[in-house]
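Student: I have a new model open and don't know where to start. Can we go through it together?
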Amino acid sequence: MKAWRFYAFGDMRLDEVPDPEVKPGWAVCKVRRVQPSITDVQRSLGVGTINSALLREMLEKYAPVQLLGHEMSAEVVEVGDGVEHLMPGDRVCTSGHVPCLECSFCREGREMYCIDKLHVGINTPGAFAEYISLPAHGLVRPPQTLDDTSIACLQPLSSTVAAMRDAKIQTGETVAITGQGVMGLYALQAARTCGAGAVYVSDVKDEALALSRKFGADEVIDARVDDPVEKVMEITAGKGVDLVFECAGGNADQGLSGHATLHQATRMVRIGGRVIQIAGLIGDVKFDPVFMRSQGIQWIFPEGHGADTVALGGQWVASGRIDVRSLITHEEHGIENLPKVMEITDKKAEYRATNPCQLVLA
């Protein structure tokens, strides 16, 4: 089969490699669509982010090696002995990691903390290839009425589902969302689904602000014109919102806000409120601990996503409560066009893209 392999950071090549073999308890799948996350783009360039150390270790030990690609839609073509919940023809996706089911955390039912998990595309080959093989319990069979475009979005959506779970939104609570990229737009729709009262959002891109209005934000703040903190405090009569989903922070080189929107979040949340960290921050964060403590602000990192949050996200999309397709603005056909897909994802603002670009293989 054809697969992209990394020889070094920034050096990936399309090679011919052996087809994956089915093993007991595993399934071999044909990749139908895959989209690189912005984290994948950072990883490919050697930018420090989640699991960077493990990725570097894999590259140093095994290059050339298949890396990256965990947001996918794939079709099962063969299952190994002992696999009963999947069959050839099923379309599947993954949460991005596969728990071992044997460590103490897995035995306690907290698979998201598994200490020996497979990270799809890092310490096991990912979906930047024509075929992928994974343990069957790490594959999720979403509603088969969903198309491949939508299924490829379920992995990042599952992170938002996990954030909603851990935010413990109460009916009628007020919500602010910093950033209306793909995760922020998912959070807007999911907060509505979970019973939020008013939802206020901010961004700096016209296309993102337009989608925010389409999805029913109560206030859409153009941060190029208005200060989001001042605007939220004005709307709430100086009280602040009950919780903020921080969806804009991260590497400024990829068009993200660094730590600026996190600090905005702590200023627009009410006393005793919650800030839910969805965006992946990098580097050391500086806080005023007196302010944080005196305000009683909870800064919450979601416990993690897994097969359960992927499945729930699939149900929300299938039922029409979450629209992922409206965010898909760019796609390329053919595995040889992955570099173009990575470029569009890396430079979304330049290409006026909201979601990562999708690569169509089937």
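Tutor: What follows is a short tour of some cysteines, helix contacts, single residues and backbone features. Keep in mind that this is a predicted model.

Student: Fine. How many disulfides are there?

Tutor: The count is zero disulfides. A disulfide is a covalent bond between the sulfur atoms of two cysteines.

Student: Why does Cys93 have no bond?

Tutor: Because the closest cysteine sulfur, in Cys153, is 10 Å from the sulfur of Cys93, too far for a bond. The cut-off is 2.5 Å.

Student: And Cys106, what is the closest cysteine sulfur there?

Tutor: That would be the sulfur of Cys103, at 3.7 Å from the sulfur of Cys106. This is still too far for a bond, because the two sulfur atoms would have to be within 2.5 Å.

Student: Are Cys93 and Cys106 buried or exposed?

Tutor: Cys93 is buried, at 1% relative accessibility. Cys106 also counts as buried, at 7%.

Student: On to helices. At what angle do α1 and α12 pack?

Tutor: The angle is about 110 degrees, and the axes are 9 Å apart. Helix α1 covers residues 38-45 and helix α12 covers residues 338-346. The two are therefore roughly perpendicular to each other.

Student: Which residues make the contact?

Tutor: From α1 they are Ile38, Asp40, Val41 and Ser44, and from α12 they are Met342, Thr345 and Asp346. Sorted by class, the contact of α1 with α12 has three nonpolar, two polar and two charged residues.

Student: Left-handed or right-handed crossing for α1 and α12?

Tutor: Left-handed, as α1 passes α12.

Student: What about α5 and α6, how do they pack?

Tutor: Helix α5 (residues 154-167) and helix α6 (residues 182-193) meet at about 45 degrees, with axes 9 Å apart. That angle makes α5 oblique to α6. The crossing of α5 past α6 is right-handed.

Student: Which residues meet in that one?

Tutor: On the α5 side, Pro156, Leu157, Ser159, Thr160 and Met164; on the α6 side, Met183, Tyr186, Ala187, Ala190 and Ala191. The contact of α5 with α6 divides into eight nonpolar, two polar and no charged residues.

Student: Some of those numbers are three or four apart. Why would that be?

Tutor: An α-helix has 3.6 residues a turn, so residues three or four places apart point the same way.

Student: Now α9. Which of its residues are buried?

Tutor: In helix α9 (residues 260-268), the buried ones are Thr261, Leu262, Ala265, Thr266 and Met268.

Student: And what do the buried residues of α9 pack against?

Tutor: They pack against the helices α8 (228-235) and α10 (289-295), and against the strands β11 (175-178), β14 (241-246), β15 (269-277) and β16 (298-300).

Student: Let's try single residues. Where is Ser212, and is it buried or exposed?

Tutor: Ser212 is in helix α7 (residues 206-214). At 0% relative accessibility, Ser212 is buried. Apart from neighbours within four places in sequence, Ser212 contacts Gln180, Leu185, Leu188, Val201, Ala217 and Val220.

Student: Where is His119?

Tutor: His119 sits in strand β8 (residues 118-119), and it counts as buried at 16% relative accessibility. Beyond the neighbours within four places in sequence, His119 is in contact with Asn51, Leu54, Gly96, His97 and Thr124.

Student: What is there to see in the backbone?

Tutor: Some background helps here: most residues other than glycine have a negative phi, and most peptide bonds are trans. The peptide bond from Ala63 to Pro64 is cis, with omega near 0 degrees. Pro64 lies in the loop between α2 (52-62) and β4 (65-66).

Student: Which residues have a positive phi?

Tutor: Leu68 is one of them, with a phi of about 70 degrees although it is not a glycine. Lys168 is another residue other than glycine with a positive phi, near 50 degrees.

Student: Where are Leu68 and Lys168?

Tutor: Leu68 is in the loop between β4 and β5 (71-79), and Lys168 is in the loop between α5 and β11. Leu68 is buried, at 2% relative accessibility, whereas Lys168 is exposed, at 56%.

Student: Last one: where is Ala349?

Tutor: Ala349 is in helix α13 (residues 348-351), and it is exposed at 57% relative accessibility.

Notes: Residues are numbered from 1 along each chain as its sequence is written. This is a predicted model: local features need pLDDT of at least 70, side-chain atom pairs count only at pLDDT 80 or more; totals for chains, interfaces and linings use all residues. Side-chain values use heavy atoms; hydrogens and water are left out. Buried means under 20% relative accessible area, exposed over 50%, partly exposed in between (1.4 Å probe, protein chains only). Axes are lines fitted to C-alpha atoms, for helices over the stretch in contact, and angles run from 0 to 180 degrees between N-to-C directions. Helices (H or I, at least four residues) and strands (E, at least two) are DSSP runs, numbered from the N terminus. Angles under 35 degrees count as roughly parallel, over 145 as roughly antiparallel, 65 to 115 as roughly perpendicular and the rest as oblique. A crossing is left-handed if the near helix is turned anticlockwise from the far one by less than a right angle, and right-handed if clockwise. Contact means heavy atoms within 4.5 Å. Ala, Val, Leu, Ile, Met, Phe, Trp, Tyr, Cys and Pro count as nonpolar, Asp, Glu, Lys and Arg as charged, and the others, Gly among them, as polar.
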